[in-house]
Amino acid sequence: MLEKTQQVASARLVLLLACGAAFLSLLDATVVNLAIADLHLDFQGASLTGLSWVITAYAVLLAAMLSAAGRLADTRGARPLFIGGITLFTLFSLLCGLAPNPTTLIAARALQGVGAAAMIPASLALLLTNLPTSERAKAIGLWSGAGGLAAAVGPTLGGVLVDAWGWRALFLINIPVGLAILIGARRLARTQVGERRHFPDVLGSVLLAGGVGAIVLGATEGQTWGWSDARTLLSIAGGVVAVARAVVRSRHHAAPAIEISLWRNRSFAATNLASLLYGASLYSLLLIGVLVLTQVWDYSVLRAGLAMTPGAFTSMVGAVVGGRMIEKRGPRPVLIIGALLMVAACVSTIVWLSTTPNYLGLWLPVGLIIGLGMGAVAVATNSAAALNAPPVRFAGAIGLNTTARQVGGALGIAALAIIQTERAGQGLSPFTWVYVWGTATAVGAALAALGIAKSTTSAVVPVARATVERAAR
C-alpha cells in the first residue's frame, strides 16, 4: 500500500515538473512580444530592429537545439539533461533581468533558448518513461495543454508585467519557478537510457543545430534584410546544406544526430509535416491577432493581451479533451478536428472582420474556437510523434517534432511580414490575407494528418511497451 502511494506521488511530481518546464520554456517564446517599446525606452541608443533580436535570438536557438537535445536525452538520460536545461534557463533568465545593455540581453536570451531546448524533449521523455502505457495519452494532453496555454497567454502576461513593473520582470519572474522545478527534479529517480555506450555524434549535432538555426534566421530576418540579400540567401542555403550533411552522417553513425529509422515510419513523417504546417499557422495567427486589436481596433497593449486570454484557456481545454479522445481513437481524428476548428475560425474572421470593434460578436467566439483547435492539434502532434517511437527514442522524436513546429513558426512569421509589407495601405487587406495564410496552412495540417496511422499502438514496437513498464516500476 505504501509502495503504491509512493508511486502515485512520484508520478504526480513528474507530471508537475514536466508541465512546469513546458510552460516556462514556451511562455518565454511569446512573453517578450509586447516589451520591445519598453526596451527601447531603456536602451535609447538601440534600434527597434536590433532590439527585435531579443525575441529572435531565443526563437532561433530554441529551434536549432531541440533535435540535438532530444538525441542527447535518449543516449545520456533525460533526467540529467532536464536538470541541466532548467539550471541554464534559470541562470540566464537572471542575467536577462539584470542585463545592462542590449548585447548582454540578446546573448543571454540566446543561451536561455538553449536551456529551453533541453527542457522540452527531456521533460516529456521523463513523463512518458515514468508512467504506465495506459496513462501516456492523458499525460501528453496535460503537457501539451501547459505548453499551449503558455504560448497563448504569453502576450497577456507580458503586457501585464511590463505595464506594472517594466520589462525586467518578464525574466526575473522565471527565477523562483525555475528553482522550484530544479529542486523537484533532483528528487527524481534515474531512468533507463538507450545506447549509453555511444556518445551522440557531436559534429552531426552541430551541423543540425547550426543548419536549423541558419534556416530560421534567414526566414525570420529575410523581410528586414531583403529576400535577395546575400545574408538571407547564405543563411537559408547554408542551413539546407548543413542539415543535408547531418542527414548523411546520421545514416552511418552509431548514435546519430537524426534518428533516420524514425523517418522511415510514414506516420512519424506525416506527423512532422503536420507540425510544420501547424507552426506556420499558429505563430502567424497569434501575432496577427495582436496587430488587429492594436492597429485596427486601437486597443492598448494591455487590453489587447487581455482580449486574447479566453482563447489561451480554451487551448488548454482542447489539449486536455484531445488527450482523452486520443486514448480511444488515436491522434489522427483529433488533429483533423482541431485543424478544421482553426480553419472555421480563420474563415469567420476573413468574412466578418471590420474596422469597427466587435469583441463579443466576433473576437470572443472566434478566439474560443481557435483556442480549442490549437490545443487539439498540439496534443495530437505531440502524441503521434511520441507514440510512434520506442521509449529509448522518445526525446529524439519529441525534439524533431518540436523543431518542425518552430521552423514552421519562423516561416509563418516571415509570411506575415511579407503580406504586411506588400499589402500595406490597403485597408484590412494586410490582416485578412494573413488569415488566408492561416487557413491554408491549417488545411495543409489536416491533410498531412491523413498519413498518420489510425492506431498509434500498432506503430510502437512490442519492446517499447515492455521498456515503458520497466521504467515505470
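Helix H4 (residues 53-76) and helix H10 (residues 202-225) pack against each other in this predicted model, with their axes 8 Å apart and at an angle of about 150°. Angles over 145 degrees count as roughly antiparallel, and H4 and H10 are therefore roughly antiparallel to each other. The crossing in which H4 passes H10 is right-handed. On the H4 side, the residues that meet H10 are Trp53, Thr56, Val60, Ala63, Ala64, Met65, Ser67 and Ala68. On the H10 side, they are Ser205, Leu208, Ala209, Val212, Gly213, Val216, Leu217, Thr220, Glu221 and Trp225. By class, the contact of H4 with H10 divides into twelve nonpolar residues, five polar ones and one charged.

With this pair in view, the chain as a whole can be described. The secondary structure of the protein chain consists of 20 helices and zero strands. The chain has 473 residues, and 57% of them count as buried. Among contacts with a separation of 6 or more, 83% are between residues 24 or more positions apart.

A second helix pair is formed by H5 (residues 78-98) and helix H9 (residues 174-185). The axes of H5 and H9 come within 9 Å and cross at roughly 160°, which means that H5 is roughly antiparallel to H9. The crossing of H5 and H9 is left-handed. H5 brings Arg79, Phe82, Ile83, Ile86, Thr87, Phe89, Thr90, Ser93 and Leu94 to the contact, and H9 brings Asn174, Ile175, Gly178, Leu179, Ile181, Leu182 and Ala185. These residues of the contact of H5 with H9 comprise ten nonpolar, five polar and one charged.

Thr90 gives a closer view of this pair. The residue lies in helix H5. How buried is Thr90? Its relative accessibility is 8%, so Thr90 counts as buried. Leaving out residues up to four places away in sequence, Thr90 touches Ile175, Gly178 and Leu179, and these three partners are among the H9 residues of the helix contact.

A third pair joins helix H13 (266-296) to helix H19 (residues 429-449). The axes of H13 and H19 come within 8 Å and cross at roughly 160°, so H13 is roughly antiparallel to H19. The crossing of H13 and H19 is left-handed. The contact of H13 with H19 has 19 nonpolar and seven polar residues, and no charged residues.

Val434 is placed in helix H19. With a relative accessible area of 0%, Val434 is buried. Not counting residues up to four places away in sequence, Val434 touches Ser284, Ile288, Leu416, Ile419 and Gln420. Val434 and Ile350 are 84 residues apart in sequence, with a C-alpha to C-alpha distance of 9.3 Å.

Attention now turns to the nonpolar cores. In soluble globular proteins, nonpolar side chains tend to be buried together. The largest nonpolar core here has 121 residues, of which Leu105, Trp143 and Ile288 touch the most other members. Ile288 is also one of the residues touched by Val434. Apart from the largest core lies another, of 18 residues, including Ala246, Ile258, Leu262 and Ala397.

Which residues are in contact with Trp143, leaving aside its neighbours within four places in sequence? They are Ala18, Cys19, Ala22, Ile120, Ser123, Leu124, Leu127, Asn382 and Ile398. One of these, Leu124, is found in helix H6 (residues 102-129). Leu124 counts as buried because its relative accessibility is 0%. Leaving aside its own neighbours within four places in sequence, Leu124 is in contact with Ile140, Trp143 and Ile398. Leu124 and Ile398 are 274 residues apart along the chain, and their C-alpha atoms are separated by 7.7 Å.

Asp298 provides a contrast in exposure. This residue is found in the loop between helix H13 and helix H14 (301-307). Is Asp298 buried or exposed? With a relative accessible area of 63%, Asp298 is exposed. The backbone of Asp298 also deserves a look: phi is near 60°, a positive value in a residue other than glycine.

Technical notes. Residues are numbered from 1 along each chain as its sequence is written. This is a predicted model: local features need pLDDT of at least 70, side-chain atom pairs count only at pLDDT 80 or more; totals for chains, interfaces and linings use all residues. Side-chain values use heavy atoms; hydrogens and water are left out. Helices (H or I, at least four residues) and strands (E, at least two) are DSSP runs, numbered from the N terminus. Buried means under 20% relative accessible area, exposed over 50%, partly exposed in between (1.4 Å probe, protein chains only). Contact means heavy atoms within 4.5 Å. Axes are lines fitted to C-alpha atoms, for helices over the stretch in contact, and angles run from 0 to 180 degrees between N-to-C directions. Angles under 35 degrees count as roughly parallel, over 145 as roughly antiparallel, 65 to 115 as roughly perpendicular and the rest as oblique. A crossing is left-handed if the near helix is turned anticlockwise from the far one by less than a right angle, and right-handed if clockwise. Ala, Val, Leu, Ile, Met, Phe, Trp, Tyr, Cys and Pro count as nonpolar, Asp, Glu, Lys and Arg as charged, and the others, Gly among them, as polar. A nonpolar core is a set of buried Ala, Val, Leu, Ile, Met, Phe, Trp, Tyr and Cys residues joined through side-chain atoms within 4.5 Å.
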